[in-house]
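Trainee: I would like a close look at one part of this model. Could you walk me through it?

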Amino acid sequence: MRLLRSTLDLFFPPLCLSCSKRLKGNETLLCLTCLAKLEWLEGVCSVCGNEIKNKHCRYCSSQHIYFDKVRSLFHFNSVVQSLIHNLKYNETTIVSNFLKSYFEIYLNSYDPFEKIDLISPVPLHAVRKRARGYNQAELLSGKIAKILDTEHIPQLIKRKKYTKSQTQLNKAERDNNVESAFILNNKFDISNKNILLVDDVFTTGSTVNSISKLLKENNCNKVFVLSIAHA
Ligand SMILES: [Zn+2]
Ligand SMILES: [Zn+2]
């Protein structure tokens, strides 16, 4: 296996996922320059996890927030963007394992959440999931459930309607787009449970807020959110 690997490397020398520079022997996935650009996200609002310069968080004071705490590993930048792109479209296994080790370091050193009873990914719509073959958030939530030794329920929340891609929309349009887009799988009893939602990137928070509202309406106790990066 090792021989095959090194033979492959001879013909297809591994390149940095982010800057495409040829990797050296002690580098995997990212070159050391890009690796150094992965910055832990610190100094954040205790609720939404946005970086704040002073105590007052503009995001939380401007709307009704249903989740209890959001945490993300990294500042969003081009290196993080490459990792997420590759997590979605290729190099899925190697990138998800790479990220798993960062989630492990983060969770072990910060221990940011109270007792978690179950873990669920933010769902992709079935049509989109079929097109891609998997939900990238689910790959991560499965690994995070193993780290925390907690029950993983990928099918806890479903998307009711096909929400348009969020990227072209402004904040108000995004809220409208995701409102009532989700249903809870009533096979599972979530009353008084603490739930951890996992997503790839936290952007406006519309999606997780909408899911959190649904979970709270169904008597869950707390909703926590964990993502790779805060955009
Ligand atoms: Zn690089
Ligand atoms: Zn906040």
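Trainee: What percentage of the contacts in the chain with a separation of 6 or more comes from residues 24 or more positions apart? Then please show me how helix 5 meets helix 7.

Mentor: The answer is 70%. A contact means two C-beta atoms, placed from the backbone, within 7 Å. The model is predicted: local features need pLDDT of at least 70, side-chain atom pairs count only at pLDDT 80 or more, and totals for chains, interfaces and linings use all residues. Residues are numbered from 1 along each chain as its sequence is written, while chains are lettered from A and ligands numbered from 1 in the order written.

The chain has nine helices and seven strands (DSSP runs numbered from the N terminus: H or I of at least four residues, E of at least two). Now your pair. Helix 5 spans residues 92-110, and helix 7 spans 136-148. Their axes come within 10 Å and cross at roughly 40° (lines fitted to C-alpha atoms over the stretch in contact, with angles of 0 to 180 degrees between N-to-C directions). That makes helix 5 oblique to helix 7 (not under 35, over 145, or 65 to 115 degrees). Helix 5 brings Thr92, Ser96, Leu99, Lys100, Phe103, Glu104 and Leu107 to the contact. Helix 7 answers with Leu139, Leu140, Lys143, Ile144, Ile147 and Leu148.

Now the sheet. Five strands form an open, parallel sheet in the order 1-7-6-2-3 (pairing takes at least two DSSP bridges). Strand 1 (69-75) and strand 3 (151-152) are the edges, each pairing on one side only. Strand 2 (residues 118-121) pairs with strand 3 over two bridges, in the parallel sense. Glu151 of strand 3 is the bridge partner of Leu118.
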